[in-house]
Amino acid sequence: IFGPSDSPETYLVGEYLEIEENAKIVFTWNYVRCLPVSAAYRSPESIVTVTFEPHGAGTRLCLEQSGVLREEAQTNVRSGWNASLTLLHNRLNHPAD
């Protein structure tokens, strides 16, 4: 659940389409904003592909999300993934913090 406290709750939902151990995860992605039932909103479904490849002593993660149609949504999605991946990077590199 995410969003400002004064906005409707928003849930991310999806389904795993492909899992290739140590190599790739593909899943559907969309969000549902819980407004009054008559006005509930579900975003168009998009596809997220995450690939993992050896890189030096670590692993390179590449993420692509296709099917995000609105320009505003593209900006928000890009910002959200950047923030999430930065948090993941920081947690993996500084686990005791």
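1. Which side chain does a polar contact of 2.5 Å join to that of Gln 65? The partner is Trp 81. The model in which this contact occurs is a predicted one, and the points below should be read with that in mind.

2. Overall layout. The chain consists of six strands and one helix. Read from the N terminus, the order of elements is β-β-β-β-β-β-α. Of its 97 residues, 16% count as buried. Among contacts with a separation of 6 or more, 23% are between residues 24 or more positions apart.

3. Gln 65. This residue belongs to strand 6. Its relative accessibility is 16%, so Gln 65 counts as buried, the cut-off being under 20%. Besides the contact with Trp 81, the side chain of Gln 65 has a polar contact of 2.7 Å with the side chain of Ser 46. With residues up to four places away in sequence not counted, Gln 65 touches Trp 29, Ser 46, Ile 47, Val 48, Val 77 and Trp 81. Both polar partners, Ser 46 and Trp 81, therefore also appear in the list of residues that Gln 65 touches.

4. Thr 28. Where in the chain is Thr 28 placed? Thr 28 sits in strand 3, which covers residues 24–33. Thr 28 has a relative accessible area of 7% and is buried. A polar atom of the Thr 28 side chain lies 2.7 Å from the backbone nitrogen of Glu 15. Apart from neighbours within four places in sequence, the contacts of Thr 28 are Val 13, Gly 14, Glu 15, Leu 17, Glu 45, Ser 46 and Ile 47. Ser 46 and Ile 47 are thus among the contacts of Thr 28 and are also touched by Gln 65.

5. Glu 45. This residue is in the loop between strand 4 (41–42) and strand 5 (46–55). Its contacts, leaving aside neighbours within four places in sequence, are Thr 28, Trp 29, Asn 30 and Gly 67. Glu 45 and Gly 14 are 31 residues apart along the chain, and their C-alpha atoms are separated by 8.3 Å. Gly 14 is itself one of the residues in contact with Thr 28.

6. Aromatic pair. How many aromatic pairs does a search of the whole structure find? It finds one. The pair is made by Tyr 16 and Phe 27, edge-to-face, at 5.9 Å centre to centre and with 65 degrees between the planes. Tyr 16 is in strand 2 (residues 16–20) and Phe 27 in strand 3, so the pair ties together parts that are 11 residues apart in sequence. As to accessibility, Tyr 16 is exposed, at a relative accessible area of 59%, whereas Phe 27 is buried, at 16%.

7. Second largest pocket. Its volume is about 230 Å³. The lining is made up of Phe 52, Gly 58, Thr 59, Arg 60, Leu 61, Leu 85, Leu 88, His 89, Leu 92 and Asn 93. Strand 6 (58–66) and helix 1 (71–93) each supply at least two of these residues. Which element gives the most to the lining? Helix 1 does, with five residues. By type, the lining divides into five nonpolar, four polar and one charged residue. Strand 6, which contributes to this lining, is also the strand that holds Gln 65.

Note on methods: Residues numbered from 1 in each chain as written. Predicted model: local features only at pLDDT ≥ 70, side-chain atom pairs only at ≥ 80, totals over all residues. Heavy atoms only, no water. Helix = DSSP H or I, 4+ residues; strand = E, 2+ residues; numbered from the N terminus. Buried < 20%, exposed > 50% of the residue type's maximum accessible area, 1.4 Å probe, protein only. Polar contact = N/O pair within 3.5 Å; in protein donor to acceptor, adjacent residues only side chain to side chain. Contact = heavy atoms within 4.5 Å. Phe/Tyr/Trp six-rings, centres within 6.5 Å; stacked < 30°, edge-to-face > 60°. 1 Å grid on protein atoms, 1.4 Å probe; cavity = no way out; pocket = protein on both sides within 12 Å on 5 of 7 lines; lining within 4 Å. Points joined across faces, edges and corners; volume = space filled by probe spheres on them. Nonpolar A, V, L, I, M, F, W, Y, C, P; charged D, E, K, R; others polar.
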